[in-house]
Amino acid sequence: MKTMEMTCIRCPMGCRLTVTQEGETFTVTGNTCRRGEEYGIQEMSCPMRTVTSSVRVEGGRRPVCSVKTAENVKKAEIPAVLEAIRGLRVTAPVAIGDVLDPDIAGTGVKLVATAND
Ligand code: SF4
């Protein structure tokens with residue numbers, strides 16, 4: 001049996017969750033709603049995060065443009081995503097929502113611009 005304590009980040013209430021795993025069965029306590037149960041199970045089985053960072057822009061008003069992954073990626077994949085973002089160069093103009101990499105670090109997730117440049 002494995003137990004983890006965590007804070008649910010799905011809404012500002014920040015409920016304290018206790019998640020227990022026995023084999024393939026997960027039990028969540030401390031949640032106020034179903035989203036907390038889903039969060040607790042995912043956090044224990046395969047934590048996911050949206051990655052935000054910035055990419056170098058050539059010929060733009062500023063040297064970098066803010067970006068984020070269009071969907072969550074596995075927490076374990078974040079270092080590879082950040083490394084891929086570090087190596088990325090784009091040419092201005094860049095607009096909010098532009099796809100700057102359709103498959104960042106082989107995750108199957110798009111990297112999109114979150115600013116105009
Ligand atoms: S369990 Fe529900 S109410 Fe509590 S923080 Fe998570 S989403 Fe919000």
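Hi everyone. Two strands count as paired when DSSP finds at least two bridges between them, and with that in hand we can go straight into the sheet at the start of this chain. One caution before I do: what you see above is a predicted model.

So, the strands. Strand 1 covers residues 2-7 and strand 2 covers residues 16-22; they run antiparallel, with six bridges between them. If you want a landmark, take Thr 3, whose bridge partner in strand 2 is Thr 20. Thr 20 also looks the other way, to strand 3, where its bridge partner is Thr 27. Strand 3 spans residues 25-29, runs antiparallel to strand 2, and is joined to strand 2 by five bridges. Gln 21 faces Phe 26 across that pairing. And how many residues sit between strand 2 and strand 3 in their hairpin? There are two, and Gly 23 in that turn has a positive phi of about 65°.

Let me zoom out for a moment. The protein is divided into domain 1, residues 2-45, and domain 2, residues 52-113. The centres of domain 1 and domain 2 are 30 Å apart, taken over C-alpha atoms. To get a feel for that on individual residues, pick Met 6 and Thr 69: they are 63 residues apart along the chain, and their C-alpha atoms are separated by 24 Å.

Now the ligand. Which residues surround the ligand? Going along the chain, they are Cys 8, Arg 10, Cys 11, Met 13, Gly 14 and Cys 15, and then Asn 31, Thr 32, Cys 33, Arg 35 and Gly 36. By class, that shell has five nonpolar, four polar and two charged residues.

Next, a stop at Pro 47. Pro 47 sits in the loop between helix 1, residues 34-45, and strand 4, residues 48-49. Is Pro 47 buried, exposed or partly exposed? It counts as partly exposed, because it has 14 C-beta neighbours inside 10 Å. Setting aside residues up to four places away in sequence, Pro 47 touches Gln 42 and Lys 75. Ala 76 is 29 residues from Pro 47 in sequence, yet the two are 8.1 Å apart, C-alpha to C-alpha.

On to the packing. In soluble globular proteins, nonpolar side chains tend to be buried together. Here, the largest nonpolar core has 16 residues, and those touching the most other members are Val 55, Cys 65, Val 67, Val 81, Ile 85 and Ile 104. Strand 5 (52-58), strand 6, helix 2 (78-86) and strand 10 each give two or more residues to this core. Helix 2 provides the largest share, three residues. Take Ile 85 as an example: beyond its neighbours within four places in sequence, Ile 85 is in contact with Ser 53, Val 55, Val 67 and Leu 111. Apart from this core lies another one, of six residues, including Cys 8, Leu 17, Val 28 and Tyr 39. You'll remember Cys 8 from the residues around the ligand.

Two residues deserve a closer look, and they touch each other. Ile 104 lies in the loop between strand 9, residues 99-101, and strand 10, residues 111-113. Why does Ile 104 count as buried? Because it has 25 C-beta neighbours inside 10 Å, and the cut-off for buried is 20 or more. Outside the four places on either side in sequence, its contacts are Thr 69, Val 81, Ala 84, Val 109 and Leu 111. Leu 88 is 16 residues away along the chain, with 9.9 Å between its C-alpha atom and that of Ile 104.

Thr 69, the partner in that contact, belongs to strand 6, residues 64-69. Thr 69 is buried too, because 24 C-beta neighbours lie inside 10 Å. Not counting residues up to four places away in sequence, Thr 69 touches Thr 50, Val 51, Val 81, Ile 104, Val 109 and Leu 111.

Last, some backbone geometry. Most residues other than glycine have a negative phi, and most peptide bonds are trans. Ala 105 has a positive phi of about 55° although it is not a glycine. Ala 105 is in the loop between strand 9 and strand 10, and it counts as buried because it has 21 C-beta neighbours inside 10 Å. Then there is the bond joining Ala 92 and Pro 93, which is cis, with omega about 5°. Pro 93 is in the loop between strand 8, residues 89-91, and strand 9.

Thanks for listening!

Conventions
Residues are numbered from 1 along each chain as its sequence is written. This is a predicted model: local features need pLDDT of at least 70, side-chain atom pairs count only at pLDDT 80 or more; totals for chains, interfaces and linings use all residues. Domain bounds come from an automatic or database domain assignment. A residue is near a molecule or strand if its C-beta atom, placed from the backbone, lies within 6 Å of it. Ala, Val, Leu, Ile, Met, Phe, Trp, Tyr, Cys and Pro count as nonpolar, Asp, Glu, Lys and Arg as charged, and the others, Gly among them, as polar. Helices (H or I, at least four residues) and strands (E, at least two) are DSSP runs, numbered from the N terminus. A residue is buried if 20 or more other C-beta atoms lie within 10 Å of its own, exposed if 12 or fewer, and partly exposed in between; C-beta atoms are placed from the backbone. Two residues are in contact if their C-beta atoms, placed from the backbone, lie within 7 Å. A nonpolar core is a set of buried Ala, Val, Leu, Ile, Met, Phe, Trp, Tyr and Cys residues joined through C-beta atoms within 7 Å.
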